[in-house]
Amino acid sequence: MGTMKENYELMFTSYPDLVDIKELKNMLGIGITLAYRLVKSKTIPSLKVGRSYKIPKRNVISYLTNQN
């Protein structure tokens with residue numbers, strides 16, 4: 001994989017810099033339960049704003065590129 005900057009410019013370009021749980025689910029092709037589990041366990045770091053989660057897109061890319 002390339003550098004974080006290269007990956008950021010190439011991956012998920014149609015998504016905003018901060019995504020919500022539904023967008024995370026679509027980005028990773030997973031179910032809503034697993035998306036919540038990844039965020040709540042801090043496997044993918046996020047921010048809790050009110051009752052919803054905001055996930056920086058760079059954290060999603062980092063999660064994907066650091067998988068073994």
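**Nonpolar core, sheet and salt bridge**

In this predicted model, the largest nonpolar core comprises 17 residues, of which Leu24, Leu28, Ile44, Ile55 and Val60 touch the most other members. Two or more residues are given to this core by each of helix H2 (21-28), helix H3 (32-40), strand E3 (52-56) and helix H4 (57-65). H2 provides the largest share, with 4 residues. When neighbours within four places in sequence are left aside, leucine 24 is in contact with Val19, Ala35, Val39, Ile44, Ile55 and Val60.

Two of these contact partners of leucine 24, Val19 and Ile55, also face each other in the sheet, where valine 19 stands opposite isoleucine 55 in E3. The sheet itself is open and consists of 3 strands in the order E1-E3-E2, with antiparallel pairing. Strand E1 (18-19) and strand E2 (47-49) lie at the edges; because each has a single partner strand, one side of each is left without a neighbour in the sheet. E1 and E3 run antiparallel and are joined by 2 bridges. Helix H4 packs on the sheet, where H4 touches E1 and E3, and the direction of H4 makes about 65° with that of E3.

With respect to charged side chains, the count comes to 1 salt bridge. This salt bridge is formed by the side chains of lysine 5 and glutamate 9, at 2.5 Å from N to O. Both residues belong to helix H1 (residues 4-10), and because they are 4 residues apart, they are separated by about one helical turn. Lysine 5 counts as exposed, at 58% relative accessibility, whereas glutamate 9 is partly exposed, with a relative accessible area of 49%.

Methods: Residues numbered from 1 in each chain as written. Predicted model: local features only at pLDDT ≥ 70, side-chain atom pairs only at ≥ 80, totals over all residues. Heavy atoms only, no water. Core = buried A, V, L, I, M, F, W, Y, C linked by side-chain atoms within 4.5 Å. Buried < 20%, exposed > 50% of the residue type's maximum accessible area, 1.4 Å probe, protein only. Contact = heavy atoms within 4.5 Å. Salt bridge = Lys/Arg side-chain N within 4 Å of Asp/Glu carboxyl O. Pairing = 2+ DSSP bridges. Axes fitted to C-alpha atoms, helices over the stretch in contact; angles between N-to-C directions.
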